[in-house]
Amino acid sequence: MPMSQPDASASSEDRVTPDALLHTRTGTEVSPEDLVLAAGKDITPRSLEWARHKLESEGDAAMEKLLP
């Protein structure tokens with residue numbers, strides 16, 4: 001079965017998602033649990049401490065770095 005190929009005649013700008021649509025911010029505060037789950041880790045005391053430290057040092061941008 002042939003694989004479909006992207007239309008080579010379309011410019012790359014036509015296929016690029018605008019940056020404003022890529023951000024995950026919902027306007028709500030990011031919790032340590034949110035950060036742990038976004039990082040693909042299990043919620044444990046150690047991972048929660050990692051997330052708290054990351055949020056203290058980077059603020060809500062810590063989530064943006066994981067999920068742009």
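The following exercises, with worked solutions, concern the fold, the nonpolar core and residue L66 of a predicted model.

Residues are numbered from 1 along each chain as its sequence is written, and side-chain values use heavy atoms, with hydrogens and water left out. Local features need pLDDT of at least 70 and side-chain atom pairs count only at pLDDT 80 or more, while totals for chains, interfaces and linings use all residues.

**Exercise 1.** Determine which elements the protein has and in what order they run.

*Solution.* Begin with the DSSP runs, numbered from the N terminus: helices are H or I runs of at least four residues, strands E runs of at least two. The protein has four helices and zero strands. From the N terminus, the order is therefore α-α-α-α.

**Exercise 2.** Identify the residues of the largest nonpolar core and the helices that supply them.

*Solution.* Such a core is a set of buried Ala, Val, Leu, Ile, Met, Phe, Trp, Tyr and Cys residues joined through side-chain atoms within 4.5 Å; buried means under 20% relative accessible area, exposed over 50%, and partly exposed in between (1.4 Å probe, protein chains only). Eight residues qualify: V30, L35, V36, L48, A51, L55, A62 and M63. Helices α2 (32-38), α3 (45-58) and α4 each supply at least two of them. The largest share, three residues, comes from α3.

**Exercise 3.** Classify L66 by exposure and list its contacts beyond four places in sequence.

*Solution.* L66 lies in helix α4 (residues 61-66). Its relative accessibility is 32%, so L66 counts as partly exposed. With contact meaning heavy atoms within 4.5 Å, and neighbours within four places in sequence set aside, L66 touches L35, A38, A39 and W50. Of these partners, A38 is 28 residues away in sequence, with a C-alpha to C-alpha distance of 6.8 Å.
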